[in-house]
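Dear colleague,

Please find below the structure that I am handing over to you, followed by an account of what was found in it. I would suggest keeping the structure open while you read.

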Amino acid sequence: MREKGLSEDTLFSFLLSKKKEDIDHAHILSSMCTIPHPVAVRAHLQFMETNLGDPGLFPGTTSLERLLVERLGALFSLPSACGYATSGGTESNIQALRMARQLAGVERPNVVIPESAHFSFQKACDILCLEMRTVALDSGFRMDPQSARELIDRNTCCMVGIAGTTEYGVVDPISELSGIAKDLGVFFHVDAAFGGMVLPFLKHSPVFDFSLPGVSSLAVDPHKMGMSTIPAGVLLVRERESLCSLSVDTPYLTVKQEFTLSGTRPGASAVGALAVLEFLGMEGMRDIVAGCMKNTYRLIDGMETYGISRAVIPDVNVATFGPARIPPPWKVSWTRRGHLRLVCMPHVHAGVVESFLKDIGEHNA
Ligand code: 0PR
């Protein structure tokens with residue numbers, strides 16, 4: 001460390017110069033995060049010092065976390081759902097698998113997970129010493145329920161389905177999977193980290209939530225399409241007992257037990273997440289999601305007029321394509337199968353899409 005501190009001016013001009021090295025959002029087509037909504041930023045700043053890890057010291061903030069869980073529970077057809085604000089999809093998925101393992105209490109537990117699953121499940125299996133059984137996908141990149149059923153045995157503690165896959169933006173057949181989970185008595189976790197803040201706001205969308213009786217838990221990330229500040233994820237469970245299975249004693253805190261993974265937890269981004277929901281309401285979210293979907297379809301149409309064909313018709317705002325040359329400064333991503341992947345987040349507005357298409361036209365003639 002420096003012996004003598006910097007002046008505030010020098011410090012902040014240094015920080016700003018580093019921030020300027022970051023990529024401008026106007027060129028980011030590869031991210032599932034976006035510029036936070038102004039009300040999320042305002043709420044975040046207002047709750048900067050709050051710590052949900054010691055709820056007795058922050059009862060007001062804690063009640064806002066409860067309200068966030070209540071709002072999302074209702075959005076996903078279970079107003080009585082329990083849950084808490086996590087740091088994002090990775091933590092929610094780790095905790096879901098941890099609950100499932102705890103509840104099953106088998107000696108050599110395995111989990112049945114689609115090939116399309118986010119890499120956070122690999123981390124979860126590694127940490128929790130779970131055998132990961134991978135389910136093949138159908139031609140539309142969705143998990144095949146029959147293959148899932150065949151992989152389940154008495155040591156299976158959890159099956160996972162994805163509502164809005166990271167790479168292709170499709171929804172697994174959650175309804176069928178829920179039936180299988182119910183039949184076989186297996187804990188069923190739905191990873192709706194991305195799709196959870198998209199699907200409820202579409203006119204027509206596949207069912208993926210707690211209205212399906214087999215769904216045991218659900219992960220949703222306000223820091224993705226919920227336009228909250230980072231980090232903001234939420235893990236929801238049908239039965240309170242599932243979360244309680246993770247409780248540890250916290251004798252010197254204001255509450256005597258906790259089931260979270262992190263100890264100290266930001267109130268700021270959780271309140272930011274709630275602020276966006278309260279401010280926009282269903283109406284506002286529908287408008288934003290409709291805009292993102294319109295841009296996704298325009299992108300697909302535009303690319304196809306240049307002979308770059310789509311890989312799949314997505315359920316959410318992720319578009320994937322065959323080979324194409326991408327000029328700088330555009331930031332895009334490529335799936336494990338080699339498809340070009342573009343995510344139409346709220347910052348990727350109509351003007352951005354048109355300017356991208358123009359560049360693609362010039363470089364792929
Ligand atoms: N589940 C799904 C379906 C996801 O898409 C993601 C992340 C996760 C879980 C894990 O969430 P956290 O990263 O919040 O723990 N999906 C994006 C991805 O890996 C995350 C992302 C966001 C990556 C912005 C890059 C980026 O610039 O692609």
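I begin with a pair of charged side chains. D315 and R142 form a salt bridge, in which the closest N and O atoms are 3.0 Å apart. D315 belongs to the loop between α9 and β10 (318-321), while R142 belongs to the loop between β3 (131-135) and α6 (145-151), so the pair ties together parts that are 173 residues apart in sequence. The two partners fall into separate classes of exposure. D315 has a relative accessibility of 18% and counts as buried, because buried means under 20%. R142, at 21% relative accessibility, counts as partly exposed. Please bear in mind throughout that this is a predicted model.

Further salt bridges

How many salt bridges does the structure hold? There are 13 of them, and a few deserve a closer look.

The side chains of R298 and E354 meet in a salt bridge with an N to O distance of 2.7 Å. This pair links distant parts of the chain, since R298 sits in helix α9 and E354 in helix α10 (residues 350-363), 56 residues apart. R298 is partly exposed at 35% relative accessibility, and E354 is partly exposed with a relative accessible area of 36%.

Another salt bridge joins E304 and R310, whose closest N and O atoms are 3.7 Å apart. E304 has a relative accessible area of 31%, which makes this residue partly exposed. R310 is likewise partly exposed, with a value of 37%. Elsewhere, E131, R133 and D153 are joined into one network by salt bridges that share partners.

Two domains

The chain is divided into domain 1 (8-37 + 281-363) and domain 2 (38-278). As the ranges show, domain 1 is made of two stretches of the chain. The C-alpha centres of the two domains lie 26 Å apart. Where the domains meet, 30 residues of domain 1 are in contact with 38 residues of domain 2.

A buried serine and a cis proline

Is S269 buried or exposed? S269 is buried, with a relative accessible area of 0%. This serine lies in helix α9 (residues 267-305). A polar atom of the S269 side chain lies 2.6 Å from the backbone oxygen of P231. If neighbours within four places in sequence are left aside, S269 is in contact with H44, S228, T229, I230, P231 and A232.

P231 is of interest for a second reason. The peptide bond that joins I230 and P231 is cis, with omega at about 0°. P231 itself lies in the loop between β6 (217-220) and β7 (233-237). A cis peptide bond also joins P328 and P329, with an omega of about 5°. P329 is found in the loop between β10 and β11 (333-334).

Positive phi angles

Why do these backbone features merit a mention? Most residues other than glycine have a negative phi, and most peptide bonds are trans.

Against that background, two residues may be noted. F141 has a phi near 65°, a positive value in a residue other than glycine. F141 lies in the loop between β3 and α6, and R142, described above, is placed in the loop between these elements too. At 8% relative accessibility, F141 counts as buried.

M227 also has a positive phi, of about 55°, although it is not a glycine. M227 is found in the loop between β6 and β7, where P231 lies as well. With a relative accessibility of 4%, M227 counts as buried.

A nonpolar patch on the surface

Which residues make the nonpolar surface patch? The patch, of about 430 Å², is made by L6, L11, F12, F14 and L15. One of these residues, F14, is placed in helix α1 (residues 8-19). F14 is partly exposed, with a relative accessible area of 45%.

As you go through the model, you may wish to begin with the bridge between D315 and R142, then turn to the contacts of S269, and end with the patch that includes F14.

Yours sincerely,
A colleague

Note on methods
Residues numbered from 1 in each chain as written. Predicted model: local features only at pLDDT ≥ 70, side-chain atom pairs only at ≥ 80, totals over all residues. Heavy atoms only, no water. Patch = residues over 30% accessible without salt bridge, like charges linked within 9 Å, V, L, I, M, F, W, Y side chains within 5 Å. Areas by Shrake-Rupley, 256 points an atom, 1.4 Å probe, with all protein chains shown as cover. Salt bridge = Lys/Arg side-chain N within 4 Å of Asp/Glu carboxyl O. Helix = DSSP H or I, 4+ residues; strand = E, 2+ residues; numbered from the N terminus. Buried < 20%, exposed > 50% of the residue type's maximum accessible area, 1.4 Å probe, protein only. Polar contact = N/O pair within 3.5 Å; in protein donor to acceptor, adjacent residues only side chain to side chain. Contact = heavy atoms within 4.5 Å. Domains from an automatic or database assignment.
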